[in-house]
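Subject: Handing over the model, with notes on what was found

Dear colleague,

Please find below the sequence and structure that I am passing on to you. I would be grateful if you read the notes underneath with the coordinates open beside them.

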Amino acid sequence: MIDPLTEVVSLLQPGAQLSKIVSGAGSWTVRRSEAGRPFYCVIVEGSCRLEVDGQEPVTLQEKDFVLIPSAHGFTMSSLEAPTTSEGIDPSTVSFLEGETRHGNPGGPPDVRLLVGYCVFGSPDAALLVTLLPELIHVRDESRLAALVQLVVEESREQRPARDVILSRLLEVLFIEALRSTAGTAASPGLVRGLADPRLAVAIRQMHESPTRPWTVAQLAKEAALSRSTFFERFSRTVGVAPMEYLLAWRMAMAKNLLRRKEAGIAEVAQRVGYSSASTFNVAFTRYVGMPPGRYVRAM
């Protein structure tokens, strides 16, 4: 059986970029707004506050894991810091042995975190990330902490096959984080959809048989729901309408096949569910902004 999560993460091609130990003491606030950069964080000890733009603040505790697949803006701060703070005060940053300190440079920290950024190798990262939740928060999951630690250790060494190992570790990290998220706690996206037994059947059918001429009524039948109930439940849970999700997945597959140059446009059209090359050409051009032939030449 095809696993939609594995397919999406594999196409994303996650890679290591930056990881470090950060600690905080006293009152401190850090604001980040690197658009589109996937951010992850493990609370090693203590607690702090996380506020992602457009969402309610979350109190992070020891062993919590956070993954923001596309961090457009978020704030991390001590629990005592005012929530209206504009951002980082450069004078509160100190560089201690092996870690970055925010707030009071002396004394034991109130919180210690392992934080990092990844990069997505796929040119379609922006498209694929829309299929994932905006925020993934997992509480007390030791497996994730162990995986992140392995990523950090590997990134600091120059051992043979380092890049290959990092790539595999990050794929596992992303999948583990996604599947560890409780369905009701996840923001709308693929993870939350797969946590709904009825919707999961329809999503897996779309991934297993993307060439079928699916309709909302057919997908609703697979989910054993009425057409209206399925459409409303899918849109609310996944964050996009069923046909919009199917189109996004077909376009992601098409762009991947075109980049690999293993098939002509007519065959790619057939493999992603279009009855003719001309129909595919129209859909691809409307979605991507250029015809598939020009997309191939531009690579």
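The notes below go from the chain as a whole to its strands, its helices, its salt bridges and two backbone details.

Please keep in mind throughout that this is a predicted model. The protein chain contains 12 helices and 10 strands, and of its 299 residues 49% count as buried. Among the contacts in the protein chain with a separation of 6 or more, 73% are accounted for by residues that are 24 or more positions apart.

To begin with the strands, β9, which covers residues 111–120, is mostly covered, in that eight of its 10 residues are buried. Its pairing with strand β3 (residues 37–52) is in the antiparallel sense and extends over seven bridges, and within this part of the model Val42 stands opposite Leu114 in β9. In a regular strand the side chains alternate between the two faces of the sheet. Another strand worth a look is β2 (residues 29–32), where Val30 is found. Val30 counts as buried because its relative accessibility is 8%, and its C-alpha lies 5.3 Å from that of Met76, although the two residues are 46 residues apart in sequence.

Turning to helix packing, two packed helices are described by the angle between their axes and the distance between the axes. For helix α1 (residues 4–12) and helix α6 (residues 197–208) that angle is about 50°, and the axes are 10 Å apart, so α1 and α6 are oblique to each other. On the α1 side the contact involves Pro4, Glu7 and Val8, which meet Ile203, Arg204 and His207 in α6. By type, the residues of this contact of α1 with α6 divide into three nonpolar, one polar and two charged.

The salt bridges come next, and by the rule applied here their count comes to nine. I describe three pairs and one network, beginning with the side chains of Arg139 and Asp64, which meet in a salt bridge at 2.7 Å, N to O. This pair links distant parts of the chain, 75 residues apart, since Arg139 is in the loop between β10 (136–138) and α3 (142–156), whereas Asp64 is in the loop between β4 (58–61) and β5 (65–71). As for their surroundings, Arg139 counts as partly exposed because its relative accessibility is 41%, whereas Asp64, with a relative accessible area of 0%, is buried.

A further salt bridge is formed by Asp196 and Arg233, whose closest N and O atoms are 2.9 Å apart. Asp196 lies in the loop between α5 (190–195) and α6, and Arg233 lies in helix α8 (residues 227–238), so this pair ties together parts that are 37 residues apart in sequence. With a relative accessible area of 12%, Asp196 is buried, while Arg233, with a relative accessible area of 22%, is partly exposed.

Helix α8 also holds a salt bridge between Arg236 and Glu232, in which the closest N and O atoms are 2.6 Å apart. Because Arg236 and Glu232 are four residues apart in helix α8, they are separated by about one helical turn. Arg236 counts as partly exposed at 46% relative accessibility, and Glu232 counts as partly exposed at 42%. Beyond these pairs, a network of salt bridges links Glu45, Glu99, Arg101 and Arg112.

Finally, there are two backbone details that I would ask you to look at. Most residues other than glycine have a negative phi, and most peptide bonds are trans. Lys63, although it is not a glycine, has a positive phi of about 80°. Lys63 is in the loop between β4 and β5, and it counts as partly exposed because its relative accessibility is 40%. Ala224 likewise is not a glycine, and its phi is positive at about 60°. Ala224 is placed in the loop between α7 (216–222) and α8, where its relative accessible area of 54% means that the residue is exposed.

With kind regards

Technical notes:
Residues are numbered from 1 along each chain as its sequence is written. This is a predicted model: local features need pLDDT of at least 70, side-chain atom pairs count only at pLDDT 80 or more; totals for chains, interfaces and linings use all residues. Side-chain values use heavy atoms; hydrogens and water are left out. Axes are lines fitted to C-alpha atoms, for helices over the stretch in contact, and angles run from 0 to 180 degrees between N-to-C directions. Angles under 35 degrees count as roughly parallel, over 145 as roughly antiparallel, 65 to 115 as roughly perpendicular and the rest as oblique. Contact means heavy atoms within 4.5 Å. Ala, Val, Leu, Ile, Met, Phe, Trp, Tyr, Cys and Pro count as nonpolar, Asp, Glu, Lys and Arg as charged, and the others, Gly among them, as polar. A salt bridge is a side-chain nitrogen of Lys or Arg within 4 Å of a carboxyl oxygen of Asp or Glu. Buried means under 20% relative accessible area, exposed over 50%, partly exposed in between (1.4 Å probe, protein chains only). Two strands pair if DSSP finds at least two bridges between them.
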